[in-house]
Amino acid sequence: MTAKVDISFTLNGHLKKVSVPADMSALTMLRDMLGMTGTKLACGEGECGACTIMVDGVSLNSCLMYAAECDGRTVLTIEGLRTAAGLDPMQKAFVEKGAIQCGYCMPGMIMQAKYLADTKGKMTHEELQRGLEGNVCRCTGYKKVFDAVAAVVGVTE
Ligand code: FES
Ligand code: FES
């Protein structure tokens, strides 16, 4: 039987205390134990970005992170972007630019876009594209996604 680890961390502004199997991923904990189903499981091996969250302000693939590694840290999922004031500006931009192509990829794309907006500021088109290269769309393309992110961060060329 897998040993359990007691952890506590901040999830979307709320303190959480959970007991998790040592080999459980952060993604499984978020989805199956804490109901944060906006974070998606797709490839499960760090290739697609559908599971993107922010930990201590840094975007990462939650399928590659152990739940136990969340201990003492601050975790933000797509559910945490909306505040009492309404949608985050990045969420609004995705809606307004028609970039909500499917519910499976968009939470991860928005989380990565939010990370870029929080940390990079204005970018070139190439930097913007590179910043989102870890987030895969399997259906439509990236034009409207780039337009949405550009509307928030601004592009220099
Ligand atoms: S599900 Fe984590 S990167 Fe694809
Ligand atoms: S946006 Fe999800 S497959 Fe294209």
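User: What makes Asn12 stand out in the hairpin of E1 and E2?

Analyst: Asn12 takes a positive phi near 50° in that hairpin, where two residues lie between the strands. This is a predicted model, in which local features need pLDDT of at least 70 and side-chain atom pairs count only at pLDDT 80 or more, while totals for chains, interfaces and linings use all residues. Residues are numbered from 1 along each chain as its sequence is written, and chains are lettered from A and ligands numbered from 1 in the order in which they are written.

User: Why are E1 and E2 called paired strands, and which way do they run?

Analyst: A strand is a DSSP run of E with at least two residues, just as a helix is a run of H or I with at least four, and both are numbered from the N terminus. Two strands pair if DSSP finds at least two bridges between them; eight bridges join E1 (residues 4-11) to E2, so the criterion is met, and the two run antiparallel. In E2, Val20 stands opposite Val5, and Ser19 stands opposite Asp6.

User: How many bridges join E1 to E5, and what is the bridge partner of Thr10 there?

Analyst: Two bridges join E1 to E5 (residues 74-76), which therefore satisfies the requirement of at least two, and these strands run parallel. The bridge partner of Thr10 in E5 is Thr74.

User: Why are E2 and E4 described as standing at the edges of the sheet?

Analyst: The sheet is open, with five strands in the order E2-E1-E5-E3-E4 and mixed pairing. E2 (14-21) and E4 (58-61) each have a single partner strand, so one side of each is left without a neighbour in the sheet. From one strand to the next the twist averages 40°, with angles taken from 0 to 180 degrees between the N-to-C directions of axes fitted to C-alpha atoms, for helices over the stretch in contact. Helix H3 (residues 106-119) lies across E3 (52-55) and E4, at about 35° to E3.

User: Which residues of H1 are buried, and what covers them?

Analyst: In H1 (residues 26-33), the buried residues are Ala26, Leu27, Thr28, Met29 and Leu30. The term buried applies if 20 or more other C-beta atoms, placed from the backbone, lie within 10 Å of a residue's own; 12 or fewer make a residue exposed, and values in between partly exposed. The cover of the buried residues of H1 includes E2. After H1 comes Gly35, with a positive phi near 70°.

User: How do you know where the domains lie, and what does their contact consist of?

Analyst: The bounds come from an automatic or database domain assignment, which gives domain 1 (4-80) and domain 2 (89-153). Their centres, taken over C-alpha atoms, are separated by 21 Å. Counting residues as in contact if their C-beta atoms lie within 7 Å, the contact takes 14 residues from domain 1 and 13 residues from domain 2. On the side of domain 1 that touches domain 2, E3 gives the largest share, three residues. That side divides into seven nonpolar, six polar and one charged, where Ala, Val, Leu, Ile, Met, Phe, Trp, Tyr, Cys and Pro count as nonpolar, Asp, Glu, Lys and Arg as charged, and the others, Gly among them, as polar.

User: What does the radius of gyration of the chain say when set against the globule rule?

Analyst: The radius is taken over C-alpha atoms, and the rule is 2.2 Å times the number of residues to the power 0.38. For 157 residues a compact globule would have a value near 15 Å, and the chain has 16 Å, which agrees.

Note on methods. Contact = placed C-beta atoms within 7 Å.
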